[in-house]
Amino acid sequence: MNKLKKEFKNAKFITSAVNPSGYPNPKNDRGELLPEIAVVGRSNVGKSSLLNDLFQSKGLVKTSATPGKTQLINFFTLNGELTFVDLPGYGYAKVPLETRKKWGPMIQNYLAKRDNLQIVLFLFDIRRLPNEEDIALMSWIKANGKPVLLILTKVDKVTQNQKRIAEKKIKERFQEESPPSIYYSTLKREGRRELIGWICHHLKEEDPAHGGTVSE
Ligand code: GTP
Ligand code: MG
């Protein structure tokens, strides 16, 4: 997996899918199935933007100011060594009910059935507080036994002081379900190195720059 150590770019779009029959099974040049990392979160929280920032790609992952942009499960590979999955966001009332009804099972099916899924990145807007739906999804994901990193997004919208207070409140709401967390801003380019450090740590990769600290 030494290619990952060099740089976190060279991302490629592989395919979009709805059902397990449509999921791709990308392999590395040694013929092994790639470890996979999924990005989960409420609609408009910044999932697709975070992937672009991580990949250092401008438009590879489609983003939008209008919630509900990502409607399918999108698969990307990075350096031919790792797969990233951009999931549709949950919880946006303006997406038609019929569409939303399909998204819940689509996301849960993916999270429950994907064997090579290694890490779940749970994105949460630093300006919000978790509601029942967020807490239920978090505990369901954790019950599935995958390592979860809570990524507090859009931190450029709050002051340093507000950041700490908001983090504390969000974690209190998630209670014992609360996983380790980092701050992220695609605008200020905050969090990228730390996220790479965390991913490398969990995949038992060496991070050449520095690991970055993750608050428990
Ligand atoms: P869905 O696909 O609808 O679930 O949304 P998403 O979670 O993929 O969000 P997306 O990346 O499309 O971003 C939604 C909006 O948030 C866009 O207008 C982005 O420009 C904005 N956004 C994303 N990241 C940040 C950030 O770090 N700071 C600020 N201020 N805005 C951001
Ligand atoms: Mg999206």
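Me: Which side chain has a polar atom 3.2 Å from the backbone nitrogen of Leu187?

Reply: That would be Ser185. This is a predicted model, where local features need pLDDT of at least 70 and side-chain atom pairs pLDDT 80 or more, while totals for chains, interfaces and linings use all residues. Residues are numbered from 1 along each chain as written, chains are lettered from A and ligands numbered from 1 in written order, and side-chain values use heavy atoms, without hydrogens or water.

Me: Good to know. What else does the side chain of Ser185 reach?

Reply: A polar atom of the Ser185 side chain also lies 2.8 Å from the backbone nitrogen of Lys188. So the Ser185 side chain pairs with the backbone nitrogen of Leu187 at 3.2 Å and with that of Lys188 at 2.8 Å, both as polar contacts (N or O pairs within 3.5 Å; within protein, one atom must be able to donate a hydrogen and the other to accept it, and sequence neighbours count only if both atoms are side-chain atoms).

Me: And where is Ser185 in the fold? Buried or exposed?

Reply: Ser185 is in the loop between β7 (181-183) and α6 (192-202); helices (H or I, at least four residues) and strands (E, at least two) are DSSP runs numbered from the N terminus. Ser185 counts as buried because its relative accessible area is 0%, and buried means under 20%, exposed over 50%, partly exposed in between (1.4 Å probe, protein chains only).

Me: Which residue in the β7 to α6 loop has a positive phi?

Reply: Look at Arg189, which has a phi of about 55 degrees although it is not a glycine. Arg189 sits in that loop between β7 and α6, and it counts as partly exposed because its relative accessibility is 47%.

Me: What about Asn79, what's its phi?

Reply: The phi of Asn79 is near 55 degrees, again positive in a residue other than glycine. You'll find Asn79 in the loop between β3 (73-78) and β4 (82-86). At 12% relative accessible area, Asn79 is buried.

Me: Switching to the ligand. Which residues come nearest to ligand 1?

Reply: Of the 22 residues around ligand 1 (with a heavy atom within 4 Å of it), Lys47, Ser49, Gly68, Thr70 and Asp156 come nearest.

Me: How far are the polar atoms of Ser43, Gly46 and Ser48 from ligand 1 oxygens?

Reply: For Ser43, a side-chain N or O atom is 3.2 Å from an oxygen atom of ligand 1. Gly46 uses a backbone N or O atom, at 3.0 Å from a ligand 1 oxygen. In Ser48 it's a polar side-chain atom, 2.9 Å from an oxygen of ligand 1.

Me: Back to the protein. What does the side chain of Asp125 contact?

Reply: The side chain of Asp125 makes a polar contact of 2.9 Å with that of Arg127. Asp125 belongs to strand β5 and is buried, because its relative accessibility is 10%.

Me: And Arg114, where does that one sit?

Reply: Arg114 is in the loop between α3 (97-113) and β5 (117-125). Arg114 is buried, at 6% relative accessible area. Its C-alpha atom is 8.2 Å from that of Pro20, though the two are 94 residues apart along the chain.

Me: Last one: which strand holds Ile37?

Reply: Ile37 is in β2 (residues 36-41), and it is buried, with 0% relative accessibility. The C-alpha atoms of Ile37 and Phe76 are 9.9 Å apart, with their positions 39 residues apart along the chain.
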